[in-house]
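Hi everyone, thanks for making time for this. I'd like to walk you through one structure, so let me put the sequence and the model up on the screen.

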Amino acid sequence: MTEEIIYVCSDAVGETAEAVAKATLRQFSSEHVKIKRYGHMKTEDEVIQVVAEAARTGGFISYTLVQPELRELMKEEALRWGVRAVDVMGPMMQAYVDTFGSFPKRKPGLLHSMDDEYYRRMEAIEFAVKYDDGKDARGFMQAQVVLIGASRTSKTPLSVFLSHKGIKAANLPLMPEVKPPAELYPLPGRLIVGLTMQPEQLLHIRSERLKTLGLPGSAQYASMERIMEELNHASRVMEELGCPVIDVTSRAIEETAGIIIEMMNG
């Protein structure tokens, strides 16, 4: 089958347009679709070349160009070549202008500027790595969010995702043989969230994990008996803490994170 291409173009890094393209691909059977990213576009020649390439390959373009000259050229070239080009930021910026009467800074890459928000995110990412899997119980005292649950209930990827939002998250796997540390118990200004999962799904995830590690699938870790024991223990701990519980069985990390952020915002 011929490879199909979405061209992501930006005068900055291009992460915004690529994120929109990837979100779109998830709605389709798109194994044969490739995303090709062109970042830091500064000249008209670069725009012209990308549009011409998209015309040759039969792809389309997703772009975030804050420089008005490049944005207009992209529209003109796409029209000339008959290429569909989606302006990801343009309509939103125009709506802002029309509604609030202000004008954009027209400076590429502001999303990644080295401001206080940037350093807050970096600090949160370092925090998530340092206090992953209950490595140091002191992290529970400093965290904004503590995630608890049985092993393989998405605690680590969720902690990392929240850290990219500037939120300090620590996590702790709950095991029947290990008493939860005293540092876990409720503190003002901190949110504890329990994560649970349907046992059949957890069994599948753990079995696949063992395969990846080259271990036998018959290990107790991936037995239904052990999984039920861990889930029941985790449920008792969560009930004791009185914390909210999210079933992550059919939820994407982004969706679960959104629920937690809503909790944090009251």
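Let's start with the buried residues of H3, which pack against strand E1 (4–10), helix H2 (44–57), strand E3 (60–64), strand E4 (85–87) and helix H4 (90–100). Please keep in mind throughout that this is a predicted model.

Which residues of H3 are the buried ones? They are Pro-68, Leu-70, Arg-71, Leu-73, Met-74, Glu-77 and Ala-78. You'll notice that an arginine, Arg-71, and a glutamate, Glu-77, are in that list. The helix itself covers residues 68–81, so to speak of its length: H3 has 14 residues and spans 20 Å between its first and last C-alpha, close to the 20 Å expected at 1.5 Å a residue. Right after H3 comes Gly-82, with a positive phi near 70 degrees.

Now the sheet that H3 sits on. It is an open sheet of four strands in the order E2-E1-E3-E4, and the pairing is parallel. At the edges you find strand E2 (33–38) and E4, each of which pairs on one side only. On average, neighbouring strands here are turned by 20 degrees against each other, direction ignored.

Let me go through some of the pairings. Between E3 and E4 there are three bridges, in the parallel sense, and Ile-61 stands opposite Ala-85 in E4. E1 and E2 also run parallel, joined by six bridges. If you zoom in on Val-8, its bridge partner in E2 is Arg-37. And how much of E1 is buried? Six of its seven residues are, so to put it plainly, E1 is mostly covered.

Two helices to point out on this sheet. H3 lies across E1, E3 and E4, and runs at about 170 degrees to E3. H2 packs on the sheet too, touching E1, E2 and E3, with its direction at about 170 degrees to that of E1.

Let's move along the chain to another sheet. This one is again open, with four strands in the order E6-E5-E7-E8 and parallel pairing. Its edge strands are strand E6 (169–173) and strand E8 (245–247), each pairing on one side only. Neighbouring strands are turned by 25 degrees against each other on average, direction ignored.

E6 deserves a longer look. Strand E5, residues 145–149, pairs with E6 in the parallel sense over five bridges. Among the facing residues, Val-146 stands opposite Ala-170, and Leu-147 stands opposite Asn-171. As a reminder, in a regular strand the side chains alternate between the two faces of the sheet. In E6, both faces are covered: Ala-169, Asn-171 and Pro-173 are buried on one side, and Ala-170 and Leu-172 are buried on the other. That makes five buried residues out of five for this edge strand.

What lies across this sheet? H7 does, over E5, E6 and strand E7 (191–196), running at about 175 degrees to E6. Helix H10, residues 253–264, packs on the sheet as well, touching E5, E7 and E8, and its direction makes about 155 degrees with that of E7.

Let me stay with H7 for a moment, and with Ser-163, which is found in that helix. Is Ser-163 buried or exposed? Its relative accessibility is 1%, and because buried means under 20%, Ser-163 counts as buried. Leaving aside neighbours within four places in sequence, Ser-163 is in contact with Arg-121, Ala-124, Ile-125 and Ala-128.

H7 also brings us to a pocket. The second largest pocket has a volume of about 260 Å³. Of its 13 lining residues, those closest to the centre are Asp-133, Ser-151, Arg-152, Thr-153 and Lys-155. Helix H7, residues 155–163, gives the most to that lining, with three residues.

One last stop, for contrast with that serine. Glu-200 has its place in helix H8, residues 199–212. At 53% relative accessibility, Glu-200 counts as exposed, because the cut-off for exposed is over 50%. Its C-alpha is separated by 7.9 Å from that of Met-224, which is 24 residues apart along the chain.

That's my tour, and I'm happy to rotate the model to anything you'd like to see again.

Terms used. Residues numbered from 1 in each chain as written. Predicted model: local features only at pLDDT ≥ 70, side-chain atom pairs only at ≥ 80, totals over all residues. Heavy atoms only, no water. Helix = DSSP H or I, 4+ residues; strand = E, 2+ residues; numbered from the N terminus. Buried < 20%, exposed > 50% of the residue type's maximum accessible area, 1.4 Å probe, protein only. Contact = heavy atoms within 4.5 Å. Pairing = 2+ DSSP bridges. Axes fitted to C-alpha atoms, helices over the stretch in contact; angles between N-to-C directions. 1 Å grid on protein atoms, 1.4 Å probe; cavity = no way out; pocket = protein on both sides within 12 Å on 5 of 7 lines; lining within 4 Å. Points joined across faces, edges and corners; volume = space filled by probe spheres on them.
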